[in-house]
Amino acid sequence: MVRPSHRSDRVAPPRRPRPASQSLTLPVRSLTLRLVVTPSPEMGRELMRIGNLEGRLVLLAGGGAVDVAAASEGRFGPDPQSVYACWQEFVGWAAVANVDLDGRPYDIADLGAPVPNPRQIFAIGLNYREHASEASLAVPDEPVVFTKYVSCLTGPVGEIELVPGEVDWEAELVIVLGRGGHEVPLGQARDLVAGYTIGQDVSERVRQRSGPAPQFGLAKSHPGFGPIGPAVVTLDELADPDDLAIGSVLAGEKVQDGRTSRMIFPVDELVSRLSDVVTLFPGDLIFSGTPAGVGMGRTPTRFIQAGEELVTFIEGLGEMRHRFVAPND
Ligand code: ZN
């Protein structure tokens with residue numbers, strides 16, 4: 001079979017000028033969560049934002065939610081996780097479904113993790129050059145891979161309990177797979193991607209660094225340390241799915257402000273390279289690494305304090321809002 005060609009000498013493409021109208025405004029005092037629904041005359045395009053409302057699979061459009069199980073008359077079940085096992089059929093249905101685009105109004109606090117129970121969660125370390133250098137670590141020749149355990153997943157809005165230590169932020173593009181595979185050639189990797197969502201790879205740095213080998217998996221998997229959402233957005237919704245503004249705003253200060261085009265290993269390469277080793281499944285998640293600006297990279301270092309709000313944004317995907325609360329001990 002044709003093997004993917006892996007290039008370790010990848011150079012980020014030049015940044016294109018962006019129109020001012022695409023700049024993100026972040027009303028940090030407001031408690032509203034914007035879903036950034038792009039007005040579109042094409043029903044299929046606007047429909048493909050998939051969420052989890054009170055544990056049920058919904059399409060988010062026009063400010064409302066459409067219950068998929070009801071709209072499809074039972075063709076698709078209500079479990080938000082199960083749709084990825086029949087992703088192609090679902091996309092085909094959604095493109096032509098005759099459903100009420102406005103949906104019913106909902107409370108953003110009722111949105112859960114859009115992919116609540118993946119079989120596997122991969123996370124990539126040091127996937128942005130500037131982040132590797134702020135961490136005083138070498139740029140890797142191949143992706144640095146660890147896991148966040150599935151029990152750390154939570155929804156796109158709400159409270160996250162701090163733990164003792166140094167709790168840090170990492171805004172990340174999360175890749176959601178709609179197909180599985182093993183040894184997937186680079187040129188076919190994009191076919192596995194159902195869409196993107198926003199993630200925070202919340203990390204407790206003391207445990208992460210402790211011991212003779214790094215404890216990434218545990219230190220990044222406390223309850224609530226894996227918020228994702230607000231929706232899974234299909235790539236055809238995005239002007240350029242390989243170049244999206246991404247960042248974090250902590251207590252009103254924009255602390256991370258990057259672009260996904262600066263990834264060392266871009267989306268397709270991550271999918272292909274992971275599949276060289278591991279069998280991927282529909283519904284798996286890949287946290288694709290964070291740009292520069294995390295708390296441990298600052299001088300002096302800065303970590304999340306009780307009462308602070310963290311906003312995580314990615315262009316075209318919307319934003320998440322979490323308030324951190326003191327450890328409950
Ligand atoms: Zn990370």
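Two strands pair if DSSP finds at least two bridges between them. With that term in hand, the tour of this predicted model can begin.

**First stop: the open sheet**

Select strands β7, β17, β16, β13 and β14, which form an open sheet in that order, with mixed pairing. At the edges stand β7 (157–161) and β14 (253–259); each has a single partner strand, so one side of each is left without a neighbour in the sheet. From one strand to the next, the twist averages 20°.

Next, restrict the selection to β13 (residues 245–250) and β14, which pair in the antiparallel sense over six bridges. Which residue of β14 is the bridge partner of G247? Select D257 to see that partner.

**Second stop: the whole protein**

Now display the whole protein. Its secondary structure comprises seven helices and 17 strands. Of its 329 residues, 44% count as buried. Among the contacts with a separation of 6 or more, 76% are between residues 24 or more positions apart.

**Third stop: the largest nonpolar core**

Select V174, I175, V176, V271 and I286. The largest nonpolar core has 78 residues, and these five touch the most other members. Strand β9 (residues 171–177) gives this core its largest share, six residues. Where does the core lie with respect to domain 1 and domain 2? Domain 1 (35–111) and domain 2 (113–329) both contribute residues, so the core lies between them.

Centre the view on I286 and leave aside its neighbours within four places in sequence. The residues in contact with I286 are then F122, I124, V174, I175, L270 and L274.

**Fourth stop: strand β12**

Select strand β12 (residues 226–233), where P230 has its place. The peptide bond leading from G229 to P230 is cis, with omega near 0°.

P227 also lies in strand β12. Is P227 buried or exposed? P227 is buried, because 25 other C-beta atoms lie within 10 Å and a residue counts as buried at 20 or more.

Add G155 to the selection. P227 and G155 are 72 residues apart in sequence, and their C-alpha atoms are 5.3 Å apart in space. Leaving aside neighbours within four places in sequence, the contacts of P227 include T154, G155, P156 and I160. Others among them are G199, Q200, M320 and H322.

**Fifth stop: a cis bond in a loop**

Move to the loop between β15 (285–287) and β16 (309–314), which holds P300. A cis peptide bond joins T299 and P300, with omega about -5°.

**Sixth stop: positive phi angles**

Select E73, in the loop between α2 (68–71) and α3 (87–96). Although E73 is not a glycine, its phi is positive, at about 50°. E73 is exposed, because only 7 other C-beta atoms lie within 10 Å and a residue counts as exposed at 12 or fewer.

Finally, select L126, in the loop between β4 (121–125) and α4 (129–134). L126 is not a glycine either, and its phi is positive, at about 55°. How does L126 count in terms of exposure? With 19 C-beta neighbours inside 10 Å, L126 counts as partly exposed.

How values were computed: Residues are numbered from 1 along each chain as its sequence is written. This is a predicted model: local features need pLDDT of at least 70, side-chain atom pairs count only at pLDDT 80 or more; totals for chains, interfaces and linings use all residues. Helices (H or I, at least four residues) and strands (E, at least two) are DSSP runs, numbered from the N terminus. Two residues are in contact if their C-beta atoms, placed from the backbone, lie within 7 Å. A nonpolar core is a set of buried Ala, Val, Leu, Ile, Met, Phe, Trp, Tyr and Cys residues joined through C-beta atoms within 7 Å. Domain bounds come from an automatic or database domain assignment. Axes are lines fitted to C-alpha atoms, for helices over the stretch in contact, and angles run from 0 to 180 degrees between N-to-C directions.
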